[in-house]
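Me: I am new to this structure and would like a close look at a single part of it. Please start with one residue inside it, then show me what else belongs in the picture.

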Amino acid sequence: MVDAVIIGGGPAGVSAGTVLQRKGYKTCIIDTRIFPREKLCAGVLTVKSIKLIQHIYKDLNFDNMDVRDIHKIELLYNSKVIGKYTVDNAYRVINRTEFDNELLKYYKSVGGMVCDGQKDYKIVYEKSVVVLSDGTEIPYRVLIGADGINSKVRSYVGRSWKASVLCFEKFITNLSDEDAIKIDFAGILGGYSWRIPGKDRIGVGLGEFYIRGMKKKPTRYRRYFESQGVNDINSIKGAFVSYGNFVRKPIKNNVLLAGDAAGLIDAMTGEGIYFAIESGRQASLAIIDYIERNIPLTTYVGRIGKIHKKMREQSIYNKLLYVPIFQWISLGYIRKNPEFVKSVLDNAVSSYHTGYMKEIQRNKV
């Protein structure tokens with residue numbers, strides 16, 4: 001028997017497993033894919049994410065990875081610059097395939113067990129057993145569902161939930177000296193497009209609210225990617241995420257949800273890595289309390305209460321920035337208040353040092 005089986009080897013699952021392993025507990029990560037595996041993600045770490053990573057993965061060396069620190073941010077509308085900002089806290093651009101694999105290697109180094117490539121595994125919830133593709137049974141005390149936006153574990157928890165945003169992304173070779181993250185709000189329904197330069201490649205993509213029945217790759221998507229130097233539309237990959245639509249009670253019996261499986265994504269920016277790692281960490285701490293002190297696992301809901309509170313706040317401002325009737329007012333506000341925007345990028349986006357309303361009040365704009 002293991003103390004925790006973790007379904008999903010992304011940042012949420014690996015962080016939960018790493019904390020438990022470092023505390024002397026036995027864990028096993030199960031994933032349908034074989035690592036390293038490709039991951040659709042803009043791949044930007046904020047300063048809060050970097051600090052949390054350094055807290056959990058004590059001696060993880062970013063020098064071993066393909067990373068680039070960016071201090072310049074440009075906000076645009078229809079390719080026209082609204083504002084340019086040089087932030088104090090660098091936004092770190094990573095290769096998610098490489099980053100996730102490095103975290104998994106770290107987890108293995110502290111004794112964690114990994115069973116990847118398990119396309120036909122089964123979870124027998126009533127017996128607290130996972131059956132691997134070859135028939136091997138792994139009994140567990142607690143199971144963490146960290147299996148992403150299309151989580152199968154979430155269906156057991158029984159929470160009605162749907163992804164609300166559809167994203168497309170493509171990486172192109174970086175042949176220029178671009179040094180700014182560019183965010184464009186034009187032509188996107190309730191979202192934005194991005195152009196993010198990494199060390200050796202540039203990520204271009206877009207994310208917008210998904211309308212059931214819409215074509216997956218309409219003409220305007222093609223036009224956008226062609227404007228970014230991508231001509232092979234069939235090479236572009238897509239995925240669903242959620243802005244503000246999270247599972248309110250991500251627990252049932254001895255099963256917890258973390259990260260994307262619980263819908264934990266920043267409703268303003270679409271950032272998911274920080275919430276993934278933090279919810280994984282809180283899940284592990286709840287499990288430790290459960291095993292050592294017989295404290296109910298339901299305390300996990302309170303432990304991630306700060307995440308839920310932050311997401312509710314972000315959902316309000318999401319409407320102000322992305323709903324067309326409010327967007328022009330918000331963009332005009334952004335144009336006229338560059339110091340406010342820079343402060344938001346440093347303190348409300350990168351670090352969560354303050355919230356959006358506090359930044360408005362503090363800057364008196």
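Reply: Let's begin with the words for the chain's elements: helices (H or I, at least four residues) and strands (E, at least two) are DSSP runs, numbered from the N terminus. Please keep in mind that this is a predicted model, where local features need pLDDT of at least 70 and side-chain atom pairs count only at pLDDT 80 or more, while totals for chains, interfaces and linings use all residues. Residues are numbered from 1 along each chain as its sequence is written, and side-chain values use heavy atoms, with hydrogens and water left out.

Our starting point is Ile94, which belongs to strand S5 (residues 80–94). With a relative accessible area of 6%, Ile94 is buried; buried means under 20% relative accessible area, exposed over 50%, and partly exposed in between (1.4 Å probe, protein chains only). Which residues does Ile94 touch, leaving aside its neighbours within four places in sequence? They are Gly43, Leu45, Asp66, Val67, Phe99 and Ile273, where contact means heavy atoms within 4.5 Å. There is a long-range pairing too: the C-alpha atoms of Ile94 and Lys199 are 8.3 Å apart, although their places lie 105 residues apart along the chain.

Another buried residue to visit is Glu169, in strand S10 (residues 165–173). Glu169 has no salt bridge, and Arg201, the nearest side chain of opposite charge, is 7.1 Å away. A salt bridge is a side-chain nitrogen of Lys or Arg within 4 Å of a carboxyl oxygen of Asp or Glu; for charge, Lys and Arg count as positive and Asp and Glu as negative, with His and the chain ends not counted. Instead, the Glu169 side chain reaches the backbone nitrogen of Cys41 at 3.1 Å. That is a polar contact, meaning a pair of N or O atoms within 3.5 Å; within protein, one must be able to donate a hydrogen and the other to accept it, and residues adjacent in sequence count only if both atoms are side-chain atoms. Beyond four places in sequence, the contacts of Glu169 include Leu40, Trp194 and Phe225.

What about charged pairs that do meet? The structure holds 16 salt bridges. One of them joins Lys72 and Asp179, whose closest N and O atoms are 3.1 Å apart. Lys72 sits in strand S4 (residues 67–77) and Asp179 in the loop between S10 and strand S11 (180–184), so this pair links parts of the chain 107 residues apart. Lys72 is partly exposed at 39% relative accessibility, and Asp179 is partly exposed at 33%.

A salt bridge within one helix is formed by Glu102 and Lys105, with 3.2 Å between the closest N and O atoms. These two are three residues apart in helix H3 (residues 96–109), so about one helical turn separates them. Glu102 is buried at 16%, whereas Lys105 is partly exposed at 43%.

Finally, look at two loops. Ser128 lies between strand S7 (122–124) and strand S8 (129–131), and Asn254 between strand S15 (251–252) and strand S16 (255–257). Their side chains are joined by a polar contact of 3.0 Å. Both are buried, Ser128 at 16% and Asn254 at 13%. Ser128 also has a phi near 50 degrees, a positive value in a residue other than glycine. Most residues other than glycine have a negative phi.
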